Amino acid sequence: MRKRGSDGGSSELITSGGSTRIADAVVAKIATMAARQVGGVHEMGAGMSRTLGSVRERLPGMTADDTQGVAVQVGEHQAAVDIDLVVEYGLSIPDLTAAVRTNVVNEVEHMCGLEVVEVNITVDDVHVEGEDSETRSEEPRVR
């Protein structure tokens with residue numbers, strides 16, 4: 001069994017029974033789902049991508065980006081993952097990012113057979129309960 005990068009957008013697994021191509025988008029989706037499985041991850045993506053994703057969800061016929069906040073580079077045998085997160089307030093960021101990193105590595109290696117050489121995580125924001133602009137009801141200061 002060997003892997004070969006074919007067109008920069010996928011990796012190819014060659015076996016005696018045939019070949020299997022894994023698109024980069026598939027690796028990114030697996031990494032996204034693995035990161036979201038970790039308790040304390042509130043949202044994925046940097047500020048602007050979260051804003052654009054929110055607008056996109058509201059447009060008729062448009063869907064949310066399944067891999068928002070995740071970028072991957074996939075080679076012949078290895079993958080590197082970059083993740084942007086918003087974490088829940090009160091949690092240890094080093095512990096949370098270690099858990100995300102471990103889960104992403106385990107899932108990508110298990111499902112794709114690629115060695116994950118690095119998972120770079122950027123914590124872009126901290127979510128504080130009740131601070132969402134959509135759910136915040138501001139009462140007037142004067143009556």
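**Exercise 1. Which residues does Val-100 touch, not counting residues up to four places away in sequence?**

Before we start: this is a predicted model, where local features need pLDDT of at least 70, side-chain atom pairs count only at pLDDT 80 or more, and totals for chains, interfaces and linings use all residues. Residues are numbered from 1 along each chain as its sequence is written, and side-chain values use heavy atoms, leaving out hydrogens and water.

*Solution.* Step 1: get the rule straight. A contact means heavy atoms within 4.5 Å.
Step 2: go through the partners. Val-100 touches Ala-35, Val-38, Val-41, Ile-83, Leu-85 and Ile-121.
Step 3: put Val-100 in its setting. The largest nonpolar core has 28 residues, and Ile-83, Val-100 and Val-104 are those with the most contacts inside it. Such a core is a set of buried Ala, Val, Leu, Ile, Met, Phe, Trp, Tyr and Cys residues joined through side-chain atoms within 4.5 Å. "Buried" stands for under 20% relative accessible area, "exposed" for over 50%, and "partly exposed" for what lies in between (1.4 Å probe, protein chains only).

**Exercise 2. Describe the chain as a whole.**

*Solution.* Step 1: take the elements. There are 3 helices and 7 strands, and along the sequence they follow the pattern β-β-β-α-β-α-β-β-α-β. Helices (H or I, at least four residues) and strands (E, at least two) are DSSP runs, numbered from the N terminus.
Step 2: check burial. Of the chain's 143 residues, 34% count as buried.
Step 3: look at how far contacts reach. Take contacts between residues at least 6 apart in sequence: 64% of them join residues at least 24 apart.

**Exercise 3. Work through helix H3, from its start to just after its end.**

*Solution.* Step 1: begin at the start. There, a side-chain oxygen of Ser-92 reaches to within 3.3 Å of the backbone nitrogen of Asp-95.
Step 2: compare spans. The expected span is 1.5 Å times one less than the number of residues. With 20 residues, H3 should span 28 Å, and its end C-alpha atoms are 28 Å apart, so the two agree.
Step 3: pick out buried residues. Among them are Leu-96, Val-104 and Cys-112. Thr-97, also in H3, counts as buried because its relative accessible area is 11%. Leaving aside neighbours within four places in sequence, Thr-97 is in contact with Ile-121 and Val-123.
Step 4: step past the end. Just after H3, Gly-113 takes a positive phi of about 75°.

**Exercise 4. Sort out the faces of strand S5 and find its partner.**

*Solution.* Step 1: recall the pattern. In a regular strand the side chains alternate between the two faces of the sheet.
Step 2: apply that idea here. Val-70, Val-72 and Val-74 make up the covered face of S5, while Ala-71 and Gln-73 sit on the uncovered one.
Step 3: find the partner. S5 and S6 run antiparallel, joined by 5 bridges; two strands pair if DSSP finds at least two bridges between them. One bridge partner is Ala-80 in S6, which goes with Gln-73.
Step 4: look at the link. S5 and S6 form a hairpin, with 3 residues between them.

**Exercise 5. Is His-127 buried or exposed, and which side chain does it join in a polar contact?**

*Solution.* Step 1: locate it. His-127 is in strand S7.
Step 2: check the area. His-127 has a relative accessible area of 7%, so it's buried.
Step 3: find the partner. A polar contact of 3.0 Å joins the side chains of His-127 and Glu-88. That term means a pair of N or O atoms within 3.5 Å; within protein, one must be able to donate a hydrogen and the other to accept it, and residues adjacent in sequence count only if both atoms are side-chain atoms.
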